[in-house]
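Before you build anything on this model, here are some remarks for a colleague who works from coordinates. Please read them with the structure open beside you.

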Amino acid sequence: MVTSIGNNGSSGGGCCRFLLQVITGRWFMMFASFLIMAGAGATYLFGVYSKDVKTTLGYDQSTLNLLSTFKDLGANVGVLSGLLAEVTPTWFVLIVGSAMNFTGYFMIWLAVTKRIATPKVWQMCAYICIGANSQNFANTGSLVTCVKNFPESRGMMLGLMKGFVGLSGAVFTQLYYAIYGNDSKSLILLIGWLPAALSLIFVFNIRAMKISKHPNELKVFYEYLSISVVLAVLLMGLTITQKRVAFSHIAYVLSAVAVCFMLFLPFLIAVREEFYTWKNRKQISAPTSIIAEASPPPPPEMASKSEIEPECTENKIEKNKNQEASFSANICNPPKRGDDYSILQALLSIDMLLLFIATFCGLGCSLTAVDNLGQIGESLGYPHHTVSTFVSLLSIWNYFGRVFAGFVSEIILLKYKMPRPLIMAIALFVSAVGDLLIAFPWPGSVYFASLLLGFSFGGQLTLLFIIVSELFGLKYYSTLFNCAQLASPLGSFVLNVKIVGKLYDKEALKQLAAKGMTRSMVKELTCIGKQCYRLSFSILAAANIFGFLVTLILVLRTRKFYAGDIYKRFRDEMEANEKELALKSTQEIQVAKS
């Protein structure tokens, strides 16, 4: 009887079951999420193709900055995707995002390549807003699901996920060089169809699962980190080499193949971990069946039920309490930090207000710097290919900032109980230094500024996502983190359009007047020289310092919370799930035996 259980099914059936486990498992879901995230950073490439948009459509700098603001608005206003995720399955969220991505960027490509009549400015703003907004659907669909599936490792998970988004600019650059050559207009087409295709391919692999412990979880996260670091170093090496050496098309193709190989390495780890789980389950089930054969009534089952029942009862009571609280109930009496806040409780809290102000200053300044990077390089006399290098370097160091914010902040938090907002404050200060390097440039300073701005930008964004999940819980996380990052496009609009764009145009008009020319005599306004961004980026540096001081207030408010065990409730939930899975496995074996 025992032997028949051990040899149940053919080897072919076992392979099919294992393949099904791989495709539906947590580790393959994480791999699929990495690829979706690697395609979700198209907004960071605006600096590469913005010159084509400006020249082809005859925009001045203020109009181009208005376009970039709507891009930032779409990229950061994710309330719709968050609310949609509360009432629809994940696959539907990903499909909607895929359709929006293709529609928005495809229409921009048609306009820039003159395949359609020149759209009005509001139409171009709508197209780029729709295309950029699609990345929120990718974030909500894959990133939020992964955080809920790995709640105790959320810092590392968010660091990796947002890290791949940070690398996406450099990844797309390599792919478009290999596919289209040095044609930045075709880059718009690439970022239209590729992210949409990735979301559709993995649409049913991304889903929430019961959280459980895995003995190799930390090791796997560090292996993924190693792969992503090697990928980042590879991209940096390719970027620097391509700046110094003229690559042939074959060399670009080989570079893209190397990048794709690194992107698919996590798949091998996913297969290995699922095989380990598969083998472990088979080893556990064999001896369990023998014990069940030898013993008459199954007391272990009864014991398991008695152990699980109190845990389940507590979870049900807690769940019922949460369900009884309405959308707007107890707004003035929120739960303690770390518990599940309602949406209004979180949005009206002082902690969220402080986060909002810090994000307005920090990410608003960072987005402004990213969007103006192309014009900054042009004003300082750098060639177009070098401007692409700035964007790639910023993208790569954006990745390092995200990984640092995820992994290093997690280590510092667990070891020294240092509040995570303190690391966010440091990132704001680093951003201020980068702004000053652009305001008062010297030869080569923009390279260094790109590193600092990319690093701080990535760190701030990842830390915002982590802090929201830690302070306000995961129940409404998909809505709350999207609400929190609303400050980013608002900051971008005020700082980019109302300050940087207007000051740039003012300097450009001064230069035209010095040449005896008027605005109507030129197709586009162009400013050349160090003075073009001096005053505006000095203002950005001051805004970052103000955000730094506001974040220090949040540090003081949350220091006691971070001094405690913020992951205890999730460990308790995982233990309850493990007991439930063990009970279910025992019952299935006994049914098979009988």
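The points below go from the whole chain to single residues.

1. The model is predicted, and every value in this note should be read with that in mind. The chain has 23 helices and 0 strands, and buried residues make up 55% of its 594 residues. Among the contacts with a separation of 6 or more, 84% are between residues 24 or more positions apart. The accessible surface of the chain comes to about 24,300 Å², and carbon and sulfur atoms account for 68% of that area.

2. The largest nonpolar core contains 159 residues, and within this core Tyr49 and Tyr477 are the residues with the most contacts. Helix α9 supplies the largest share of this core, namely 15 residues. If neighbours within four places in sequence are set aside, Tyr49 is in contact with Tyr105, Ile128, Ser184, Leu187, Ile188 and Ile191.

3. Helix α5 offers a simple check on geometry: at 1.5 Å a residue, its 16 residues (61–76) should span 22 Å, and the end C-alpha atoms are indeed 22 Å apart, so the expected and computed spans agree. This helix is mostly covered, since 12 of its 16 residues are buried. The buried residues include polar and charged ones such as Gln61, Asn65, Lys71 and Asp72, alongside Leu64, Leu67 and Ala75. The cover over the buried residues of α5 includes α4 (46–57), α8 (121–149), α15 (350–371), α16 (373–379), α20 (477–484) and α21 (487–514).

4. The structure holds 31 aromatic pairs. In one of them, the ring centres of Phe34 and Phe164 lie 4.7 Å apart with the planes at 25 degrees, and the pair is therefore stacked, as the angle is under 30 degrees. This pair links distant parts of the chain, with Phe34 in helix α3 (residues 26–38) and Phe164 in helix α9 (residues 154–180), 130 residues apart. Both partners fall under the 20% limit for burial, with a relative accessible area of 1% for Phe34 and 3% for Phe164.

5. A second pair has another geometry: the rings of Tyr477 and Phe481 have their centres 5.2 Å apart and their planes at 40 degrees, so this pair is classed as tilted. Tyr477 and Phe481 both belong to helix α20, where they are 4 residues apart, about one turn of the helix, and both are buried. Tyr477 has already been mentioned as one of the two residues with the most contacts inside the largest nonpolar core.

6. Two further aromatic features deserve a look. Phe28, Phe31, Phe202, Phe264 and Phe267 form one aromatic cluster, and the charged end of Arg26 sits over the ring of Trp27, 5.8 Å from the ring centre.

7. Is Lys162, a residue of helix α9, buried or exposed? With a relative accessibility of 2%, Lys162 counts as buried. Apart from neighbours within four places in sequence, the contacts of Lys162 are with Asn139, Leu143, Arg402, Leu461, Thr462 and Phe465, and a user assigning protonation states may wish to look at this list.

8. Ala508 lies in helix α21 and is buried, with a relative accessible area of 1%. The C-alpha atoms of Ala508 and Thr526 are separated by 5.7 Å, although these residues are 18 residues apart along the chain. Once neighbours within four places in sequence are left aside, Ala508 is in contact with Leu525, Thr526 and Cys527.

9. Two lysines merit attention for their backbone angles. Lys114, which is not a glycine, nevertheless has a positive phi of about 60 degrees; Lys114 is found in the loop between α7 (90–112) and α8, and at 45% relative accessibility it counts as partly exposed. Lys417 likewise has a positive phi, near 55 degrees, in a residue other than glycine; Lys417 is placed in the loop between α17 (384–416) and α18 (420–439) and is partly exposed, with a relative accessible area of 33%.

Terms used
Residues numbered from 1 in each chain as written. Predicted model: local features only at pLDDT ≥ 70, side-chain atom pairs only at ≥ 80, totals over all residues. Heavy atoms only, no water. Expected span 1.5 Å × (residues − 1). Buried < 20%, exposed > 50% of the residue type's maximum accessible area, 1.4 Å probe, protein only. Contact = heavy atoms within 4.5 Å. Phe/Tyr/Trp six-rings, centres within 6.5 Å; stacked < 30°, edge-to-face > 60°. Lys NZ or Arg CZ within 6 Å of the ring centre and 35° of its normal. Areas by Shrake-Rupley, 256 points an atom, 1.4 Å probe, with all protein chains shown as cover. Core = buried A, V, L, I, M, F, W, Y, C linked by side-chain atoms within 4.5 Å.
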